[in-house]
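Colleague: Please show me the sequence and the model, and then let us discuss them in turn.

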Amino acid sequence: MASEYDDRDVERLLRATLREEADRLHPAGDGLTRIRERVVNRRRWRTWLTPLVALAGAAAVIAAVVAAPSYLTGSGSKDRPAQPGGQPAPASPAPSPTPTQGPPGSLGTPYGGDDNLRDMLTVWPYPSRRIGYERADAEAQTYPNLSRPDLTAVDFVASFVGDKQGLSARRYDAYPPGVRMLVVRETATGEVPVSLVYLVRVRLGNDAPYVVVGASRAGITDQDSLTISPLPTVPGTAAFRVTGLARRNQGLADRTVILQLREPGSTEVLAQQSAPVRFGEFALRTWTADLTPLQAPRSTGVVAAWTSDADGMVQEFVAAPTAP
Amino acid sequence: MPVVKRVERLDADAALTALYTSHYRQLVRLAALLLDDLSTSEEVVQDAYVRMHGSWHRIRDPEAAVGYLRTTVVNLARSRLRRRMVAQRHAPKPMPDAPSAEHGALERLERDRLLLAMRRLPARQRECLVLRYYADLSEAQIAEAMGISPGAVKSHASRGIAALRVSLEAV
């Protein structure tokens, strides 16, 4: 009996099935934040580990030097009084300066008396979860909406794009450290997704304030526009370059990508630039802009990019120091 | 890929950002096809990026970094699968998968059957097929990512395809 499928049929079906299956999967947009946290934790661990290893190595060398003459002359452990059971007496314990955690307040360490909550970098309105824990309730007049994730997400988006008109947010899903809110804008043609905002609580409890960890287009449709990228290092007031992709969703008009550099938790704009995107007949175009900070950020910068209207979107971008 | 080329002279942090932007999503999807679990796949890929960041002084070349990431993801996914299989041996047996009511179309059923058959393949065969038919890698690239010879890649792939064909026909 002839086979119903030949290898080519199976290969074709397999390719289509894997593609379809993969396209259904949308990674959370906080991957880079999590990777950076882990890199920071690893660095801190190494900072402690390196001198300890060196110290242990030095101690081993000293011990070997001290022990070698007595071993070579045959006057080593034989002269040491034995413990009951025939075991040699243990050496006196070495002082153990090993700290098990970094300094208080460092990222990744538990805080607030609850080991379940750990510090992490955040974007808005505070630079870290711990600082949010310390200030959010006290600054309820300044940020009155922090206990509402929908309003917090809208306030956050409006703090960048400047226009709150028509913005609303609804719960998208939960992700391990918090919640994702889909911010949309109501337009004449219907609802347009603007950004997927990632929030975490600063303490346990149903009334605990939320802070924003990130915002990204990843995970929703191809139409949202506001995307946040942490910038690893901004060297003083040196210029840096931001390169990305933009997609034209409707119409033929050119778009403008707007870029801002801020410090996490700050509304002060350290640099702003526009990048014109001339689509022509293409739906996807790259854009580039150089940003020069007005003053040196005190900490890591956050770069936000968004398009000038709801019909365009920033697909991907990367910010990096300009190569010398 | 222009974004990746630009990281050539940058430090590990900048390289991490560029490679995240250009490859993170695809690697998560690749891992998810090997692991069937998005959240574990994200962990695995994040782990690969952390390792790449720590080894950047040795890697330097962005193209090599992509290969490094892919190999690490495959190895970590394999290791997770091994652990999961040990755990599953002691877990109660799940109900057999059945297509849902709305999946009436023949094509949909065919794809569901194929995915189910993929999950039952030995890990190496599955890796070969995902790297070949999802990631579109050459035999040499698959061999590098899996740490096996090109001949072994051929053998795993052809056995995998044969097993899938048998599963599709066995209705």
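The exchange below takes up the model and its conventions, then strands, one chain and the contact between chains.

Modeller: This is a predicted model, in which local features need pLDDT of at least 70 and side-chain atom pairs count only at pLDDT 80 or more, while totals for chains, interfaces and linings use all residues. Residues are numbered from 1 along each chain as its sequence is written, and chains are lettered from A and ligands numbered from 1 in the order in which they are written.

Colleague: Why is strand 5 of chain A described as largely enclosed by the rest of the structure?

Modeller: Helices (H or I, at least four residues) and strands (E, at least two) are DSSP runs, numbered from the N terminus. A residue is buried if 20 or more other C-beta atoms, placed from the backbone, lie within 10 Å of its own (exposed if 12 or fewer, partly exposed in between). Strand 5 covers residues 190–201 of chain A and is largely enclosed because its buried residues number 10 of the 12.

Colleague: How many bridges join strand 5 to strand 6 of chain A?

Modeller: Two strands pair if DSSP finds at least two bridges between them. Strand 4 (residues 178–187) of chain A runs antiparallel to strand 5, with 9 bridges, and a hairpin of 2 residues connects them; here A:Leu182 faces A:Leu196. Towards strand 6 (residues 210–216), A:Val197 of strand 5 stands opposite A:Ala215. Strands 5 and 6 of chain A are also antiparallel, and the number of bridges is 6.

Colleague: Which helix of chain B has the highest confidence?

Modeller: Chain B has 9 helices and 0 strands. Its mean pLDDT (the predictor's confidence in each residue, from 0 to 100) is 79, and 80% of its residues reach 70 or more. Confidence in chain B is lowest in helix 1 (residues 2–5), with a mean of 44, and highest, at 92, in helix 7 (residues 123–133).

Colleague: Which element supplies the largest share of the side of chain A that touches chain B?

Modeller: Two residues are in contact if their C-beta atoms, placed from the backbone, lie within 7 Å; 35 residues of chain A and 37 residues of chain B take part. At least two residues each come from helix 1 (7–23), helix 2 (31–72) and strand 13 (312–321) of chain A. The largest share, 12 residues, belongs to helix 1 of chain A.
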